[in-house]
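Here is a short set of exercises to work through with the model open beside you. Try each task before you read its solution.

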Amino acid sequence: MRFVIATVLLIASGISVLLGFAIREPFAESSGKRVEFEVKAPYSYVLIPNSTLTAYEGEVSIEASGSDEIFYADGRERDIQDWIGTSNYSRLNLNQKTFKADVSTVTSGGLDENPAGSDMWRSQLTVKNKLLNVVTMFDDTGVLLASNGLARAPDKIAVIWDSKTLINWPQVLVIGGFVLLLAALIMNYLAFRHIRKLRGPRRRIPKSPTGPRYRRKIQQNVPVRGRRALGKSDRRRFMAAPVAVVSLSLLAGCSSPTAEVEKPKFESVNVVVTEAQLQRIVADVATTVKDADSKRDDKTLVTRVAGSALQIRKVQYLLQSKSKKIPKLPAILANPITVALPMELPNPAVGWQPRTLMVVTKSDSTTQAPQMLVLQQNKPRENYKLWYLIDLLPDKNFPNVAAQAVGALPVAKEDSFLVTSLKSIPFKYGDTLNKGLDSKYAPEFDLASDEFYAELSESQIQQKVEVEKVGSKIRYQHTLGNQNILGLQTVERGGLIALTMNDTSIITPKAQGAAVSVKALDQKLLLGSLGSSTGLKIVYSNMLLFYVPESGSEEKIRLVGASQGLLSVRSIN
């Protein structure tokens with residue numbers, strides 16, 4: 001009997017091992033796919049769309065060669081198309097019926113540029129000669145391949161899907177076969193050992209006589225044990241068991257190549273940048289500004305700064321070049337990011353729209369206020385630029401904003417759902433600064449906790465008294481300093497609005513022959529003299545952050561942050 005069991009185990013072992021090796025190749029094909037593309041068009045860009053990347057399940061990798069330098073980037077497919085714009089490119093598709101490579105071309109004749117370093121990409125890298133990279137997949141991910149943006153893109157490309165299955169059936173069958181083989185060997189050993197024991201010497205011990213016994217004849221339907229008693233059908237079932245198990249394993253491990261492929265599901269992104277993108281952008285802005293500040297380099301500065309933030313820093317560079325007593329402006333903080341409010345994804349049907357990011361960073365220093373960085377990407381091939389750098393006021397009434405993954409809709413300066421027109425805010429707030437509570441616009445603002453208002457209005461009053469003492473007169477103008485007002489909606493449906501208010505002080509002498517002098521060092525350096533006999537025009541730029549409630553709300557407009565910088569000092573002609 002032991003030999004029979006050993007034989008069965010040996011046969012099952014052979015079947016298991018043979019099947020394991022037999023299905024290894026088809027199993028590998030079912031758990032991994034590879035489609036190769038040959039790009040014949042000599043264009044600078046290759047787009048691998050989301051439909052191709054999600055054709056099969058599994059981790060997606062891109063392999064490319066055919067150029068000395070290979071640039072890879074992944075990002076939202078729509079963003080890649082917006083960046084390519086009217087440039088010529090090749091598109092790698094998969095035939096929806098045969099799933100074979102299908103390369104198409106799009107020709108519009110636009111200008112080519114180097115895509116490296118763009119803020120549009122979620123991840124990017126440049127390698128020499130050959131690329132093999134795993135794609136960070138989201139539900140809208142596409143891939144851009146290029147060389148340096150001017151030379152021909154790589155022409156030999158493969159998309160690879162690696163499906164990580166929970167059970168490697170070929171490996172299970174092979175290992176199981178060897179386990180069965182070991183069991184067969186053990187059973188054979190036990191069988192031979194039993195035979196040797198049976199062939200050994202035996203003593204015959206005489207038995208004592210026994211009396212007559214009555215034996216009842218009981219008919220029982222007891223199944224007979226032993227090999228000869230096993231029926232045909234039973235033997236088939238017994239021998240078929242290992243084969244059935246192996247066959248089921250084979251069916252479970254391999255899928256039909258003609259079966260319909262269900263597209264894998266990936267995490268969706270509802271905002272213009274991912275968390276990693278946002279951190280990279282803010283860090284690059286901070287690094288660029290730091291480098292420009294150390295060299296007082298306007299050309300470096302304009303790559304990442306615009307608007308009022310650019311004007312104030314350029315004036316500071318000029319002042320620093322004239323005197324070592326002029327300090328540097330505070331550095332931009334890149335981290336930690338305490339509030340991140342990116343713009344919600346625009347409707348693809350609308351086309352490209354400028355994108356806004358609002359980020360609050362906080363310093364470990366107790367003397368430096370948290371900073372609000374307001375950045376905008378105006379065009380697909382332009383990077384985000386810092387338009388406003390605003391110190392937050394110590395007041396704790398920062399409005400509630402959506403989570404970073406949710407984002408916020410932009411607020412256009414023409415929007416009418418807020419309590420006031422955004423363009424009118426500098427004039428109304430300025431009139432309140434000039435007239436105080438006597439201004440008809442004062443009730444629209446929350447002035448009780450506005451430290452900036454209290455300090456600036458008090459400064460204007462004192463300056464007016466001092467000027468009149470020396471026989472001059474002064475008047476103040478408050479105007480919109482920049483047309484690019486940036487805002488995002490808050491949870492309360494109000495708007496978090498960043499804008500510039502220019503404060504212009506016009507000082508003129510009352511008596512003929514009198515002169516107006518300046519005391520501050522920075523004003524003297526910009527004017528180039530100690531004063532003017534015709535009068536002075538001094539302009540300061542205020543980057544302000546307001547919370548503006550929605551129309552019909554009982555809330556008031558409140559100032560959330562403010563930063564000020566000198567723009568110009570000129571003589572009145």
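## Exercise 1: A bridge between two loops

Arginine 493 has a relative accessible area of 48% and is partly exposed, the class between buried (under 20%) and exposed (over 50%), found with a 1.4 Å probe on protein chains only. Before going on, note that this is a predicted model, in which local features need pLDDT of at least 70 and side-chain atom pairs count only at pLDDT 80 or more, while totals for chains, interfaces and linings use all residues. Residues are numbered from 1 along each chain as its sequence is written, and side-chain values use heavy atoms, leaving out hydrogens and water.

**Task.** Which side chain does arginine 493 meet in a salt bridge, and where in the chain do the two residues lie?

**Solution.**

Step 1. Apply the rule: a salt bridge needs a side-chain nitrogen of Lys or Arg within 4 Å of a carboxyl oxygen of Asp or Glu. Arginine 493 meets glutamate 550 in this way, at 3.3 Å from N to O.

Step 2. Place the pair. Arginine 493 sits in the loop between strand S14 (486-489) and strand S15 (495-509), and glutamate 550 in the loop between strand S18 (536-548) and strand S19 (558-571); the two are 57 residues apart, so distant parts of the chain are linked. Strands here are DSSP runs of E with at least two residues, helices are runs of H or I with at least four, and both are numbered from the N terminus.

Step 3. Check the surroundings of the partner: glutamate 550 is partly exposed, at 26% relative accessibility.

Step 4. Widen the view. Arg76, Asp79, Arg122, Asp140 and Arg355 are joined into one network by salt bridges that share partners. The count by this rule is 18 salt bridges.

## Exercise 2: Two bridges inside helices

**Task.** Compare the salt bridge of aspartate 82 with arginine 78 and that of aspartate 291 with lysine 295. How many residues apart are the partners in each helix?

**Solution.**

Step 1. In helix H4 (residues 77-84), aspartate 82 and arginine 78 are 4 residues apart, about one turn of the helix. Their closest N and O atoms are 3.4 Å apart.

Step 2. In helix H7 (residues 275-295), aspartate 291 and lysine 295 are also 4 residues apart, about one helical turn. Their N to O distance is 3.5 Å.

Step 3. Recall the geometry: an α-helix has 3.6 residues a turn, so residues three or four places apart point the same way.

Step 4. Look at exposure. Aspartate 82 is buried at 16%, and arginine 78 is partly exposed at 38%. Aspartate 291 is partly exposed at 31%, whereas lysine 295 is exposed at 55%.

## Exercise 3: The setting of H4

**Task.** Why is H4 described as largely enclosed by the rest of the structure?

**Solution.**

Step 1. Count the buried residues: 6 of the 8 in H4 are buried, so the helix is largely enclosed. They are Glu77, Asp79, Ile80, Asp82, Trp83 and Ile84.

Step 2. Find what they pack against, taking contact as heavy atoms within 4.5 Å. Their partners include strand S3 (59-76), strand S7 (141-146) and strand S10 (355-361).

Step 3. Look just past the helix, where glycine 85 has a positive phi of about 60 degrees.

## Exercise 4: Backbone exceptions

**Task.** Which bond joins asparagine 335 and proline 336, and what is phi of phenylalanine 99 and of arginine 296?

**Solution.**

Step 1. Start from the usual case: most residues other than glycine have a negative phi, and most peptide bonds are trans.

Step 2. Asparagine 335 and proline 336 are joined by a cis peptide bond, with omega about 0 degrees. Proline 336 belongs to the loop between helix H9 (307-322) and strand S9 (337-342).

Step 3. Phenylalanine 99 has a positive phi, near 60 degrees, and is partly exposed at 25%.

Step 4. Arginine 296 has a positive phi near 50 degrees. This arginine 296 lies in the loop between H7 and helix H8 (298-301), and is partly exposed at 41%.
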